[in-house]
2 protein chains.
Amino acid sequence: MISEIDPCGLIAKNLSAHSQIQLFDNEALGRLKARTRTFESGSYVFREGLSFADYAFVISGHLFRQKQNLDGYRQIVSLIIPGDVVNPENRFVNNLDYNVVCAEKSCIAYVQKSEFESLIDVHPSIRLALDIITAAESRQLREWLLNIGGRSARTRVAHFLNEFAARTKLRGLSDGLRFSLPMSQEQIGDSVGITPVHVSRSIRSLVESGLIKHTNRRYEIVDLNAFRQAGQFTERFLLVDDLPH
Amino acid sequence: MISEIDPCGLIAKNLSAHSQIQLFDNEALGRLKARTRTFESGSYVFREGLSFADYAFVISGHLFRQKQNLDGYRQIVSLIIPGDVVNPENRFVNNLDYNVVCAEKSCIAYVQKSEFESLIDVHPSIRLALDIITAAESRQLREWLLNIGGRSARTRVAHFLNEFAARTKLRGLSDGLRFSLPMSQEQIGDSVGITPVHVSRSIRSLVESGLIKHTNRRYEIVDLNAFRQAGQFTERFLLVDDLPH
DNA sequence: CGTCAACTTTAATTTAAATCAAGGATCATC
DNA sequence: GATGATCCTTGATTTAAATTAAAGTTGACG
């Protein structure tokens, strides 16, 4: 039942964000059988290299995808927010090239591979939604590359926070201005390629410029336009706006 | 005719690298009608934000995908080698979030969107091949993020060269040890997030360590194991090795 | 085959970020 | 509400890479 796996309709919201999902598609989503599992903060939902079988959806909690260097260096390669599909490549690939780690206590719904893929076969719009989610993920990765490759620490952090604000707003999880980000500054640093000490300094600089407010892990954007400019952020490619179908 | 659009069978090689492509699929590929076009070095094949309609395949020449910062900074986000699909997301997305630029004089084959998608509908293995190519592209982006995010300039350059050697070998374009890379050191720097001056120094350091030889834009790997180690490179995720189907 | 433009190398200097280190918060737990 | 662990802040110092600059190559083209 969807009421079990998706009490807030977040997954439906995710799927329908890019593609036209009809009502009966939604109902079909709701008939999926899912078992849920809760993970503590810091625990691994998937491990790199291991194979997986079921589709995993985030009911609640924030997670991230993370790769490891041989020398122990950690790079976070994307954030996963409630409503996201944890392993959209499940259809085509047997093992992951990254770890999935909980930033906080999280609840994951698992749907059997065969069951979900039958659903996809019957509902082309759900398949298209998944395909587009995959394409959007690639865009985000390229955006991160641009962010890490050529910007100052302050700009990187601002971009990161902007993206989080925009994504949670799109998903209906925040108003786009106030949000809490359940990540340590070390984890933010691992996301944008700087040290935690410098994350702290970058945030302070953004606060001192009057762009945001910050206490503990809560953020409030004071001047959205200026803050976006500080992060060279545009939400142009967050969504796949022009659909060919 | 395939003999026109793919004289060396590179595109078939690309498609069949990940997925089981049957003989009759290959023949169907060969019956595609394509018009070819030649681009000079430095010219744009696609521009960010513009929509596109046809599928583009690389017959010859190397190209790269490139994003631009507001302040003019350029980040190369992936290399495109002969046999690659230039715009695999064409099925799901109407406009690109990156530019496609020729690193050298290149020949591109265009296949009409409708024609190629009819082919996909009839040949599930070709569709699967495209899907897997997309998944592999995401893996490569994450690998680049790890490379840029947390490694020294020398390691980044070594990783970049290793990846190029491995990819061209897989495609049958080099023996994996000797290759010419048609990119300026500025472009290499734009790929790994360092300045061209530092690219020069990094290459010199790799040469002085006896790992590679280098003249003009030709490279020769002297000690493959040591060179891979220097770049923290593993080809584990270049291919999607375990197929679920 | 000489000229020019683009690219590469090398050295000297500057700078942004890393590192090191110590003092404060915050939070979970008893 | 004390205790300890984790996280955050801030300053002092070091370092890797950027910047600047100039000389040396290469290669395209007339």
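This is a short chat about a predicted model with two protein chains, A and B, and DNA strands C and D.

Q: Let's start with chain A. How many helices and strands does chain A have?
A: Chain A has 9 helices and 10 strands.

Q: And what does chain A span along its principal axes?
A: The C-alpha trace spans about 55 × 40 × 30 Å.

Q: How does the radius of gyration of chain A sit with that of a compact globule?
A: It agrees. A compact globule with 245 residues would have a radius of gyration near 18 Å, and chain A has 18 Å.

Q: What share of chain A is buried?
A: Buried residues are 48% of the 245 in chain A.

Q: What about contacts between residues 24 or more positions apart?
A: They account for 73% of the contacts in chain A, counting those with a separation of 6 or more.

Q: Now both chains. How can chain B be laid on chain A?
A: By a turn of 180 degrees, with a shift of 0.0 Å along the axis. The RMSD is then 0.0 Å. That is the relation of a two-fold axis.

Q: How many residues does each chain put into the contact?
A: Chain B gives 37 residues and chain A gives 37 residues.

Q: Which elements of chain B give two or more residues to that side?
A: They are β5 (74-80) and α5 (124-150) of chain B. Helix α5(B) gives the most, with 16 residues.

Q: How do the residues on that side of chain B divide by class?
A: There are 18 nonpolar, 11 polar and 8 charged residues on the side of chain B that touches chain A.

Q: Why say the copies meet through the same surface?
A: Because 100% of the interface residues of chain B are also interface residues in chain A.

Q: Any core to look at? Which residues touch the most other members of the largest nonpolar core?
A: F57(A), L145(A), F57(B) and L145(B) do. That core has 134 residues.

Q: Stay on L145(A). What does L145(A) touch beyond four places in sequence?
A: Residues of chain B: Q75(B), V77(B), L141(B), W144(B), L145(B) and I148(B).

Q: And G149(A), where is that?
A: G149(A) lies in helix α5 of chain A, residues 124-150.

Q: Is G149(A) buried or exposed?
A: Buried. G149(A) has 26 other C-beta atoms within 10 Å, and the cut-off for buried is 20 or more.

Q: What is G149(A) in contact with, leaving aside neighbours within four places?
A: Q75(B), I148(B) and G193(B).

Q: How far apart are G149(A) and G193(A)?
A: They are 9.1 Å apart in space, C-alpha to C-alpha. In sequence they are 44 residues apart.

Q: On to the DNA. Which residues come nearest to strand D?
A: S184(A), Q185(A), S200(A), S152(B) and H198(B). They are among 17 residues around DNA strand D.

Q: Which elements give two or more residues there?
A: From chain A, α7 (185-192) and α8 (196-208). From chain B, α8 (196-208). Helix α8(A) gives the most, with 6 residues.

Q: What classes make up that surface?
A: The surface near DNA strand D has 6 nonpolar, 7 polar and 4 charged residues.

Q: And which residues come nearest to strand C?
A: S152(A), H198(A), S184(B), Q185(B) and S200(B) come nearest, out of 17 residues around DNA strand C.

Q: Which elements give two or more residues near strand C?
A: Helix α8 of chain A, together with α7 (185-192) and α8 of chain B. Here α8(B) gives the most, with 6 residues.

Q: How do the classes come out near strand C?
A: The surface has 6 nonpolar, 7 polar and 4 charged residues.

Q: Last topic: backbone angles. What is phi for Q232(A)?
A: Phi of Q232(A) is about 50 degrees, a positive value although the residue is not a glycine. Most residues other than glycine have a negative phi.

Q: Where does Q232(A) lie?
A: In the segment after α9 (224-230) of chain A. Q232(A) is partly exposed, with 19 other C-beta atoms within 10 Å.

Q: What about phi of N216(B)?
A: Phi of N216(B) is near 50 degrees, positive in a residue other than glycine. N216(B) lies in the loop between β9 (212-215) and β10 (218-221) of chain B.

Q: Is N216(B) buried or exposed?
A: Exposed. N216(B) has 6 C-beta neighbours inside 10 Å.

Methods. Residues are numbered from 1 along each chain as its sequence is written. Chains are lettered from A and ligands numbered from 1 in the order in which they are written. This is a predicted model: local features need pLDDT of at least 70, side-chain atom pairs count only at pLDDT 80 or more; totals for chains, interfaces and linings use all residues. A nonpolar core is a set of buried Ala, Val, Leu, Ile, Met, Phe, Trp, Tyr and Cys residues joined through C-beta atoms within 7 Å. A residue is buried if 20 or more other C-beta atoms lie within 10 Å of its own, exposed if 12 or fewer, and partly exposed in between; C-beta atoms are placed from the backbone. Two residues are in contact if their C-beta atoms, placed from the backbone, lie within 7 Å. Copies are superposed by least squares on the C-alpha atoms of residues with pLDDT of at least 70 in both. A residue is near a molecule or strand if its C-beta atom, placed from the backbone, lies within 6 Å of it. Helices (H or I, at least four residues) and strands (E, at least two) are DSSP runs, numbered from the N terminus. Ala, Val, Leu, Ile, Met, Phe, Trp, Tyr, Cys and Pro count as nonpolar, Asp, Glu, Lys and Arg as charged, and the others, Gly among them, as polar. The radius of gyration is taken over C-alpha atoms; the globule rule is 2.2 Å times the number of residues to the power 0.38.
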